[in-house]
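Here is a short briefing to read alongside the model. Keep the viewer open, and let us walk through the packing and the charged pairs together.

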Amino acid sequence: MHNKLYVVIPCYNEEEVLAETSKRLKEKFLSLVSSGMIHPDSRVVFVNDGSKDRTWEIIKALHEEDALFCGINLSKNRGHQNALLAGLMTVKEDADLVISMDADLQDDIDAMDEMIGKYLKGIDIVYGVRSSRRKDSFFKKVTAEGFYRLMNVMGANTVFNHADYRLMSKRALEGLSEFQEVNLFLRGIVPMIGYPMDMVYYERGERFAGESKYPFLKMLSFAVEGITSLSTKPIRMITFLGFFIFLVSIGMLIYSVVRHFMGATIVGWTTLMVSVWAIGGLILLSLGVVGEYIGKIYLETKARPRYIVEEFLK
């Protein structure tokens with residue numbers, strides 16, 4: 001049997017949850033091995049993304065106590081997406097399949113059984129998708145679902161209500177390695193790989209301990225990152241907006257000429273002020289969107305490393 005599973009877990013200041021996370025994952029791995037679904041040499045890999053607390057010390061202690069647990073220590077904080085990619089690319093040569101998840105225990109660990117079952121039937125990518133948001137506050141539900149809808153409307157196609165809880169085969173990981181962009185948004189890149197995919201629905205729990213790493217403003221920034229990394233639709237929208245304003249200006253020209261011949265040549269300040277502020281605001285907004293893309297191009301042309309692994313505890 002060659003179903004060697006690696007579970008990759010990015011960690012940033014997760015000292016409060018690692019003990020419970022490692023305990024539950026060990027129980028799940030023992031169950032999967034005993035049922036014959038995965039290889040006995042399967043591993044759990046914690047990726048320390050430049051944590052400021054005792055996260056790396058705890059990972060090292062777990063590794064020393066049990067060979068099931070491995071650790072990757074990045075040289076500095078590179079962000080969740082880069083930390084996740086670092087884990088995936090580091091283990092892809094040893095793993096037959098990889099499941100990525102967060103450390104906060106909100107993702108249902110028991111959903112792994114169904115994910116692996118679909119993999120055994122020939123599915124390369126299995127997405128963990130939330131079945132509902134009943135446990136979320138009204139504000140959280142509206143903003144989170146709005147995030148996915150905004151992404152899809154703006155051309156950054158993602159799987160609705162799916163974060164980064166997914167299974168990928170070795171073949172899918174090899175496909176992912178072909179994507180070399182510095183500005184990462186894995187939720188949009190993985191669907192581009194194109195291999196057979198399926199979904200597993202689960203009820204997402206509450207965070208075991210600690211604070212959410214994605215408050216509203218960070219989620220909004222994450223959406224902008226994803227949209228500008230995957231889609232040129234905002235720039236196309238600026239083109240349509242410019243064309244619309246051009247049509248409006250023709251209409252205003254006709255209106256002014258008609259008013260002139262009617263003898264009403266004195267124009268009020270209100271129309272003038274609204275026009276100046278509206279067009280000025282649209283120009284600044286358009287420059288900001290174009291600048292965002294230029295900044296992305298600037299970073300991509302530098303081809304800086306997306307992460308640097310300082311230490312790998314195998």
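Which residues cover the two faces of β2, and are they buried or exposed? On one side sit R43, V45 and V47, on the other V44, F46 and N48, and all of them are buried. Please keep in mind that this is a predicted model.

**Strand β2 and its partner**

- In a regular strand, side chains point alternately to one face of the sheet and the other.
- For β2, both faces are covered, and the tally is 6 buried residues out of 6.
- β2 pairs with β1 in the parallel sense, over 6 bridges.
- If you want one bridge to look up, Y6 has R43 of β2 as its partner.

**The largest nonpolar core**

- The largest nonpolar core holds 37 residues, and the members that touch the most others are L5, I9, F46, I99 and I116.
- Elements that each supply at least two residues of this core include the strands β1 (5-11), β2 (43-48), β4 (97-100), β6 (162-169) and β7 (197-202).
- The helices α1 (18-34), α2 (55-65) and α4 (111-120) likewise each give at least two residues to this core.
- Among these contributors, α4 gives the most, with 5 residues.
- I116 makes a handy starting point for a contact map: leaving out residues up to four places away in sequence, I116 touches L5, L32, M37, I38, L97, I99 and L167.

**A second core**

- Separate from the core above is a second one of 29 residues, with V8, L88, Y127 and L176 among them.

**A nonpolar patch on the surface**

- I279, I283, L284 and L287 form a nonpolar surface patch, and their accessible area together is about 410 Å².
- L287 belongs to helix α10, which covers residues 269-302.
- Where does L287 stand, buried or exposed? L287 has a relative accessible area of 56%, so this residue counts as exposed.

**Salt bridges**

- The model has a count of 11 salt bridges.
- One of them joins the side chains of E93 and K92, at 2.8 Å from N to O. E93 is exposed, at 54% relative accessible area, whereas K92 is buried, at 12%.
- Another links D198 and K118, whose closest N and O atoms are 3.1 Å apart. This pair ties together parts 80 residues apart in sequence, because D198 lies in strand β7 and K118 in helix α4.
- D198 is partly exposed, with a relative accessible area of 28%, while K118 counts as buried at 18%. The cut-off matters for K118: buried means under 20% relative accessible area.
- R171 and D124 also meet through their side chains, at 2.6 Å from N to O. Why does this pair tie together parts that are 47 residues apart in sequence? R171 lies in helix α6 (residues 170-176), and D124 lies in the loop between α4 and β5 (125-130).
- In that pair, R171 is partly exposed, with a relative accessible area of 43%, and D124 is buried, with 7%.
- Finally, K28, D110 and D113 are joined into one network by salt bridges that share partners.

Conventions
Residues numbered from 1 in each chain as written. Predicted model: local features only at pLDDT ≥ 70, side-chain atom pairs only at ≥ 80, totals over all residues. Heavy atoms only, no water. Core = buried A, V, L, I, M, F, W, Y, C linked by side-chain atoms within 4.5 Å. Buried < 20%, exposed > 50% of the residue type's maximum accessible area, 1.4 Å probe, protein only. Helix = DSSP H or I, 4+ residues; strand = E, 2+ residues; numbered from the N terminus. Contact = heavy atoms within 4.5 Å. Patch = residues over 30% accessible without salt bridge, like charges linked within 9 Å, V, L, I, M, F, W, Y side chains within 5 Å. Areas by Shrake-Rupley, 256 points an atom, 1.4 Å probe, with all protein chains shown as cover. Salt bridge = Lys/Arg side-chain N within 4 Å of Asp/Glu carboxyl O. Pairing = 2+ DSSP bridges.
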